[in-house]
Amino acid sequence: MLDGRISMSSSSLTILRSGARAATRVDRAAIVAELRRLLPRLESTAASARALPFGLTALDAHLPHGGLAIGALHEVVPQTHGDTPAAFGFLAALLARFAKDHARTNRPLLFVASHRALADHGRPHGHGLNRLGLDPARLILVETANEKQALWAIEEALRSGAPAAIGGAIAKLDLKTSQRLQLTAGEAGLPLLLLRPAKVAEASAAATRWRIVAAQAARDRFGLLARTRWNARLERCRNGRTGEWLVEFDHGAYRFSLAAALADPALSRGAGAMFRRAG
Amino acid sequence: MLAADVSGTPRVVATNAVAEENGVRIGETLADARAKTVDAGLQVRAADPAADDAALRDLALWATRYTPTVAVFDEKSGADGLFLDIAGAAHLFGGEEKLIADLEMRLARLGLPARSAVAATAGAAWAIARFNAAPRILAAGAERAALAPLPIEALRISGKTRQTLRRLGFRRIGALLDNPRAPFAARFERELLLRIDQALGCAPDPLVFILPPPIYHSLRYLLEPVAAQEAIVAIAQRLMRDIVHALTRDGVGARTLRLVLYRVDGGVKSLDIGLTRATRNAAHVARLIALKLERKAEMSDEMLDAGFGFEAVGLAVTATDRVEPGQSELIAGAAATDAGLDERCAELIDGLAQRLGPNSVQRLAPVASHLPERAETACAAECVSWPAADEARPRPLLLFARAEPAEVMAQVPEGPPRRFRWRGVLHGVANAQGPERIAGEWWRMGAATGAGVGASQPTRDYYLVEDEAGRRFWLYREGLYERETTAPRWFVHGLFA
């Protein structure tokens with residue numbers, strides 16, 4: 001598949017070049033514009049061009065088509081092993097957003113993981129998923145004996161086109177496999193979100209890679225947890241720009257927001273101290 | 001020759017041809033048998049009734065090639081044969097004579113001499129087969145005449161009844177049939193008259209089939225034995241296509257299926273497949289069978305041990321469900337509608353479940369319990385609606401099946417934690433929200449709850465704790481300080497996003 005794509009892009013490039021030679025003096029800017037127009041078309045199918053915006057202008061501006069591509073592979077990576085629950089939470093919140101996009105058909109969500117994938121962190125808890133806007137009734141948990149089976153199950157789910165979105169936890173993912181998943185997701189027009197281990201370094205064909213660090217939550221004036229916060233770094237973004245944001249999740253409205261620039265960590269700590277005295 | 005202890009004395013329970021030539025009879029004591037065969041060199045083995053039962057069961061499975069309804073002789077019938085209910089199956093073999101001939105030929109090839117008979121009632125067939133009466137194939141209604149000359153042993157009655165009858169001078173069944181019933185009813189257990197009635201077809205004779213009788217069934221004999229997985233799947237698909245006509249006619253679809261593979265050497269392998277949604281799609285069924293076989297191959301299950309190959313393949317539908325008319329047929333070409341999606345979804349789930357094994361594809365269902373570990377359950381069933389999340393009582397994203405102990409430093413024993421050590425790492429608490437008090441479920445007291453020493457579970461105080469790095473934990477203190485315990489223990493029960 002990869003070879004096919006390279007030859008495709010190179011052939012279109014040669015056409016461009018010969019065209020440039022024929023017209024003796026073509027504006028360099030025009031060529032660049034033409035390339036800009038052609039490249040995304042080669043990169044992605046029409047289905048994957050659809051995107052789901054976060055609803056946060058600062059963040060969406062970094063992403064191609066102003067949002068997370070729907071028919072694509074996205075990776076969510078915790079900064080350290082201890083941040084895995086935070087990364088899983090971010091992934092679950094994204095899954096829930098994708099699910100809402102397809103809400104009319106009430107399609108299920110799939111989460112595929114080998115039984116070892118989350119073993120260190122317990123089992124996904126329905127009532128907790130509910131807090132992130134992910135309706136557990138729509139979630140189907142697929143637990144496999146090993147990663148090979150998990151990858152098979154993910155591809156199977158993508159090909160069936162039945163779920164609204166697919167999540168998964170995969171530790172080892174070589175470039176070739178990630179390319180295959182990315183292509184399958186593109187063809188199916190389904191989002192695939194993979195939770196990767198903290199130490200992931202290998203190249204992948206994913207459309208985006210998010211690096212998640214747990215951050216101190218936003219608290220209300222009583223010192224109670226109001227909005228979960230994550231430090232989300234867009235580490236890789238095909239056809240987009242990288243960036244870093246302090247993302248909040250509103251458990252009431254089930255939506256993302258950006259933490260106010262003035263949010264003072266000292267304030268929340270102070271509130272906590274006050275609460276301790278009260279308790 | 002086989003021997004077993006019968007009321008304290010070793011007695012002969014089975015013999016082979018050579019032993020019989022030497023005059024060894026079943027039932028005599030081992031000492032007598034030895035005396036008779038001093039020259040022949042008697043070989044004695046202990047009888048193994050359990051192994052006999054297992055072998056008979058295997059043979060019953062083997063016999064399902066003739067009809068899916070096969071019952072094993074029970075203890076009273078001697079536990080040494082099979083009932084085959086061939087109603088509606090005989091014509092597939094070209095008539096009852098041919099079926100019997102085929103059955104005996106194949107059994108002989110397996111080295112099993114057998115006697116068989118066909119009759120309208122199980123009792124009559126049993127009697128004729130056992131006492132070699134002619135004709136072997138009894139027309140319906142001729143039971144009375146056929147049974148009359150047979151000895152009373154031809155009724156499946158207990159030894160005690162038999163002895164009493166003999167003592168009273170009854171030797172032939174005919175004598176019982178000719179005499180009035182009332183004295184027998186007064187004198188004997190219900191068994192005697194019941195057996196007579198069953199043999200004559202006047203009373204029902206419930207047979208316990210080794211496999212639940214299928215609703216739809218299709219079987220194919222193969223010219224050449226097959227062993228390859230693809231071949232089996234292809235045959236299964238053809239069998240399913242045969243069944244689909246009947247399913248469509250009745251407006252139902254298959255919910256559970258059983259694929260039965262008959263090995264050349266008499267072994268039988270069967271494969272059960274459950275579906276989340278009734279289907280009539282032969283290709284889908286074939287795919288599920290392929291996935292299941294793949295799983296078996298991966299687990300190096302002996303299922304795949306084809307021996308010299310399979311000579312017959314049967315597919316049975318054991319449970320059905322209504323299918324809305326035209327459901328799959330109409331939607332196939334059309335755009336993806338809700339019903340089409342539902343079907344694709346069911347097919348996906350079935351496929352995953354067959355390949356990954358049972359319990360690998362699950363949904364979460366809420367349970368009305370205050371205890372977090374009991375508040376949900378995994379189930380394979382369809383989705384149920386969940387209550388809305390309660391922000392006043394936040395629940396963690398990930399929950400440990402078994403809460404992990406933690407060392408906690410608190411300012412006061414009943415206060416929130418200040419620092420805690422969990423999995424060898426010290427976490428400073430930046431913020432603690434709580435406590436949320438969850439009392440033990442007193443109505444479960446006494447039951448083995450695994451809560452510890454006491455009969456009742458101690459009260460738990462849950463805290464949502466955020467450490468200095470921003471990671472969120474769900475800790476609880478077990479036991480109310482000074483009321484339930486003086487040294488409360490701490491646990492990490494879950495992790496928040």
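**Getting to know a two-chain model**

Colleague: With 18 C-beta neighbours inside 10 Å, how does A:His65 count: buried, exposed or partly exposed?

Modeller: First, this is a predicted model, where local features need pLDDT of at least 70, side-chain atom pairs count only at pLDDT 80 or more, and totals for chains, interfaces and linings use all residues. Residues are numbered from 1 along each chain as its sequence is written, while chains are lettered from A and ligands numbered from 1 in the order in which they are written. A residue is buried with 20 or more other C-beta atoms within 10 Å of its own, exposed with 12 or fewer, and partly exposed in between, with C-beta atoms placed from the backbone. Having 18 such neighbours, A:His65 is therefore partly exposed.

Colleague: Thanks! What is the phi of A:His65?

Modeller: A:His65 sits in the loop between α4 (57-60) and β2 (68-69) of chain A; helices (H or I, at least four residues) and strands (E, at least two) are DSSP runs, numbered from the N terminus. Most residues other than glycine have a negative phi. A:His65 has a positive one, near 60°.

Colleague: Which residue in the loop between β11 (243-250) and β12 (255-258) of chain A has a positive phi?

Modeller: Look in that loop for a residue other than glycine with phi near 55°. It counts as partly exposed, with 17 C-beta neighbours inside 10 Å. The residue is A:Tyr254.

Colleague: Turning to the interface, which element gives the largest share of the side of chain B that touches chain A?

Modeller: Here 48 residues of chain B are in contact with 52 residues of chain A, contact meaning that C-beta atoms, placed from the backbone, lie within 7 Å. Elements giving two or more residues to the chain B side include β10 (361-366), β12 (398-410) and β14 (425-438) of chain B. The largest share is ten residues, and it comes from α14(B).

Colleague: Which residue of β10(B) stands opposite A:Leu141?

Modeller: Strand β6 (residues 139-144) of chain A and β10(B) pair in the antiparallel sense over three bridges; pairing requires that DSSP finds at least two bridges between the strands. Opposite A:Leu141 stands B:Gln362.

Colleague: And B:Trp386: which chain B residue is it in contact with, leaving aside neighbours within four places in sequence?

Modeller: B:Trp386 belongs to the loop between β11 (376-379) and β12 of chain B, and is partly exposed, with 19 other C-beta atoms within 10 Å. Its contacts in chain A include A:Asn130 and A:Pro136. In chain B, its partner is B:Pro366.

Colleague: How wide is the arc that the buried residues of α10(B) cover around the axis?

Modeller: In helix α10 (residues 190-200) of chain B, the buried residues are B:Leu192, B:Arg195, B:Ile196, B:Gln198 and B:Ala199. They lie on the same side of α10(B) because their arc, taken from the directions from the helix axis to the C-beta atoms, is only 165°.

Colleague: Which residue just after α10(B) takes a positive phi?

Modeller: The helix has a cover that includes α5 (122-131) and α9 (181-187) of chain B, over its buried residues. Just after the helix, a phi of about 85° is taken by B:Gly201.

Colleague: Last one: which residue in strand β14 of chain B follows a cis peptide bond?

Modeller: Most peptide bonds are trans. The one starting at B:Gly434 is cis, with omega near 0°. Lying in β14 of chain B, the residue that it leads to is B:Pro435.

How values were computed: Two residues are in contact if their C-beta atoms, placed from the backbone, lie within 7 Å.
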